[in-house]
Amino acid sequence: TRTVEEVLKRADIAMYQAKAAGRNTLRFFDPQMQAEVEARAALEIDLRTSLAQDAFSLHFQPQVGPRDQVLGAEALLRWSHPVRGPVSPGEFIPVAEQSGLIVELGEWVLQQACAQLALWATQPHTAHLTLAINVSVNQFRQADFADKVRQAIMLHGAAPSRLKLEITESMFAHDQESIINKMRHIRSLGVGFSLDDFGTGYSSLSYLRRLPLDQLKIDQAFVREVLTDPNDAAIARTVIALGHSLGLEVIAEGVELQGQRDFLAAHGCDTCQGYLISRPLAITQFEQFVLAHRTSAAAV
């Protein structure tokens, strides 16, 4: 016999599952639901603990130009838990988003990125590098987000023109005017913006021309089939042409084959990143990569 409390708890779990599925729907409780809720709660507790203990790190995926010169990197968050071991971002980022912890994690990434840019500025072979960080919609909607960006830059003495904030199209589904105004404020500091996953979400040329962007990023979903699917090839060519017509740099992510890179270069894509070039690297390995490719690019 189940207690009233247990029945209510199960009803709550089913209700939250229905809400997560988009509301106006039904969900019936099953034991797997409870196991998933408990696993998510445990992961959230571990996230909070690890954040307090500074247990995260950044890895850096190189972004290179046509002659293999390293122009910058995308900073990617990594979490190695003492018991769980390395935890995939695909597992912990959604929990961080749902719990609101993404705001604190994003602030940590921002601080680390500005500190790293300041260090790079002191070395001739890294002083030119840009660093892109991903910004979540929850983070961007914070009233003081622009101030936090300014404060982080000033605290570490980073060059704002070397910092790039990657945003996604889904950010513009709501509060479009407010977000554009905040972007303009941050852009006035000298910070750049890259529109990630372009073409996969809330695509609208009317808002695109109003955004203070520096870069469009071709989504890896299009890059993956660029040699085999004429539609994806056409989309990639169109994004490159569109970006250049708006005065924007174009970068392709998820480049894994030389043929993909050759196709993109032939159509004027400015920058590439992906496993063909390098996996995300810890800071020491990334700086060694920059040195090695500085030599090879100079030899071309």
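**Briefing: largest pocket, nonpolar core and two buried polar residues**

Strand E2 supplies the largest share of the lining of the largest pocket, namely 5 residues. The structure is a predicted model, and the largest pocket in it holds about 850 Å³ of space. Beyond the pocket, the points below take up the largest nonpolar core, which has 77 residues, and then Thr271 and Ser194, each of which counts as buried.

**The largest pocket**

- The lining of the largest pocket is made up of 35 residues, and those nearest the pocket centre are Glu74, Leu76, Pro89, Asn134 and Asp196.
- Two or more lining residues come from each of strand E2 (70-81), helix H3 (89-99), helix H4 (102-120), helix H5 (137-140), strand E5 (163-168) and strand E6 (192-198).
- By residue class, the lining of this pocket divides into 14 nonpolar, 12 polar and 9 charged residues.

**The largest nonpolar core**

- Within the largest nonpolar core, the residues with the most contacts are Phe140, Leu163, Leu165, Phe172 and Leu264.
- Helix H4 gives the largest share of this core, 10 residues.
- Leu165, one of the residues with the most contacts inside the core, is in contact with Ile133, Val135, Phe145, Val149, Ile186, Val191, Gly192, Phe193 and Ser194, when its neighbours within four places in sequence are left aside.

**Ser194 in strand E6**

- Ser194 is located in strand E6, and this strand is among the elements that give two or more residues to the lining of the largest pocket.
- Because its relative accessibility is 0%, Ser194 counts as buried.
- A polar contact of 2.8 Å links the side chain of Ser194 with the side chain of Gln215.
- Apart from neighbours within four places in sequence, Ser194 is in contact with Lys164, Leu165, Glu166, Ile167, Leu213, Gln215 and Lys217, so that Gln215 appears both in this list and as the partner in the side-chain polar contact.

**Thr271 in strand E9**

- Thr271 belongs to strand E9, which spans residues 271-272.
- With a relative accessibility of 2%, Thr271 falls under the 20% limit and therefore counts as buried.
- The side chain of Thr271 is joined to the side chain of Glu249 by a polar contact of 2.7 Å.
- Once neighbours within four places in sequence are set aside, the residues in contact with Thr271 are Gln63, Val64, Leu71, Glu249, Val250, Ile251 and Ala252.

Key. Residues numbered from 1 in each chain as written. Predicted model: local features only at pLDDT ≥ 70, side-chain atom pairs only at ≥ 80, totals over all residues. Heavy atoms only, no water. 1 Å grid on protein atoms, 1.4 Å probe; cavity = no way out; pocket = protein on both sides within 12 Å on 5 of 7 lines; lining within 4 Å. Points joined across faces, edges and corners; volume = space filled by probe spheres on them. Helix = DSSP H or I, 4+ residues; strand = E, 2+ residues; numbered from the N terminus. Nonpolar A, V, L, I, M, F, W, Y, C, P; charged D, E, K, R; others polar. Core = buried A, V, L, I, M, F, W, Y, C linked by side-chain atoms within 4.5 Å. Buried < 20%, exposed > 50% of the residue type's maximum accessible area, 1.4 Å probe, protein only. Contact = heavy atoms within 4.5 Å. Polar contact = N/O pair within 3.5 Å; in protein donor to acceptor, adjacent residues only side chain to side chain.
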